[in-house]
Every structure is written in structure tokens, then in C-alpha cells.
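This report looks at how the strands are arranged and how the aromatic side chains are grouped. Please keep the sequence and the model at hand while reading.

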Amino acid sequence: MSDSGHARAIDRVHALFQDVLAHGLRADAVSGATNAEIDGMAVAQQAAAVPAALREILRLIGYDRGPYFGDGSAFGVELRLDEKSMALEFFDEIAAPPAEFRDPEGMLVLHYHGGYQVCVLDGADLDDPDPPVWLLREDGELARLWSTTTEWFSGVCAEVKSRVDQLGLARHQSDLDWAAYFC
């Protein structure tokens, strides 16, 4: 994809993030990773590149994700070879891997959740600025659930906005650990 594809992916990530901020997320509730930290994560996972859309997501929330992704998961620059190794073990459970997933060894783990599922990018797609995101489960199920990384991030942002809405309904409760992330 051209430089305009990179720019479109980056602009879409920013629009999604700004929408969450406008919905009530405090800007200081998250912090982004540096390019060096992002590159270090990719090297640790033995991935060849970080697509433009993912790099921009990580620049926004890759160091401290705040309310994104909930508990029991790993995201951003904290993802290393351990999570990649687990994803490869999950991949080994697939009886007949889909032909569309071409490079499991080069895949990049985006989100590791609870030890039973991961969101990944196919290693063959890492040069695409906004590649599809796959859900890989420990039982060997692999499905391309999002056609682009920005579509995946849109769903993640919608979950955070839902938390804002829940907070509005439940402000009287004092035991909401995640309430401090929002205005």
C-alpha cells in the first residue's frame, strides 16, 4: 500500500482514539510507547515489522493501556517472546490451518488474553499498513475476525466507550476500580 494508505490508517486510529477521549476517557489515563519500545517488542517477538496502524495504536496506548483490554491480559510493549511462543503452541493445535494465514512463525501478537486466546497479525501481512487481525484460541481455532487493524481497534474503543456509559449509570458505586480512568 502507498504512503496514502499509511496516512489513512494513522488518521483512522487517531479519529477512533479522539472519539474515546470525547466520550470521557481522561487523556492521562493511558500512555503511549516510543518507537524504540515498539521496535523492541517486535524484535522480542521475532516479527519483521510493525504495521502503521498498530504502531500508531501503540504510540497512543502501548505503554500503559489504562482501561483498554481489561484485566488478565497483556498488550502493547509488554508482549514478548513468551506470548508469541504461546500463540505458536495454539497454532500447532490447528488440524488444518487456513491457507490465508501464510506465516505463523513471523506473526505478531497484538493482545494476549487470559492464557486461552490471542489476537495476531499474520507475519505475511506485516508490510500492509492496516492488515487483518486474527483470533487464535488455545484449542486451535483460528479465525480472521477483523478485516483491518483499525476495525479491530474500533471494537476495542467501543468497549471503552461502553465503560464510560456504564460509569454514568453506576456513579454511586464506589467499588468500580476502572472508574478513575474517566472524567
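How many bridges join strand β4 to β5? In this predicted model, four bridges join β4 (residues 133-137) to β5, and these two strands run antiparallel. Within β5, A143 is the residue that stands opposite L135.

The wider arrangement is an open sheet of five strands in the order β1-β2-β3-β4-β5, with antiparallel pairing. Because β1 and β5 (142-146) stand at the edges and each has a single partner strand, one side of each is left without a neighbour in the sheet. From one strand to the next, the twist averages 30 degrees.

Two helices lie across strands of this sheet, as the table sets out.

| Helix | Strands it lies across | Direction |
|---|---|---|
| α3 | β1, β2 (108-113) and β3 (117-121) | about 110 degrees to β1 |
| α4 (residues 81-92) | β1, β2, β3, β4 and β5 | about 90 degrees to β2 |

Turning to the aromatic side chains, the structure holds six aromatic pairs. In one of them, the rings of Y68 and F69 have centres 6.5 Å apart and planes at 45 degrees, so this pair is tilted. Y68 counts as buried because its relative accessibility is 0%, and F69, at 11% relative accessibility, counts as buried as well. The rings of Y68 and F153 have their centres 6.1 Å apart and their planes at 10 degrees, and therefore this pair is stacked. This pair links distant parts of the chain, since Y68 lies in the loop between α3 (52-61) and β1 (73-75) whereas F153 lies in helix α5 (residues 149-169), 85 residues apart. Like Y68, F153 is buried. Y68, F69 and F153 belong, together with F75 and W152, to one aromatic cluster.

Methods:
Residues numbered from 1 in each chain as written. Predicted model: local features only at pLDDT ≥ 70, side-chain atom pairs only at ≥ 80, totals over all residues. Heavy atoms only, no water. Phe/Tyr/Trp six-rings, centres within 6.5 Å; stacked < 30°, edge-to-face > 60°. Buried < 20%, exposed > 50% of the residue type's maximum accessible area, 1.4 Å probe, protein only. Pairing = 2+ DSSP bridges. Axes fitted to C-alpha atoms, helices over the stretch in contact; angles between N-to-C directions. Contact = heavy atoms within 4.5 Å.
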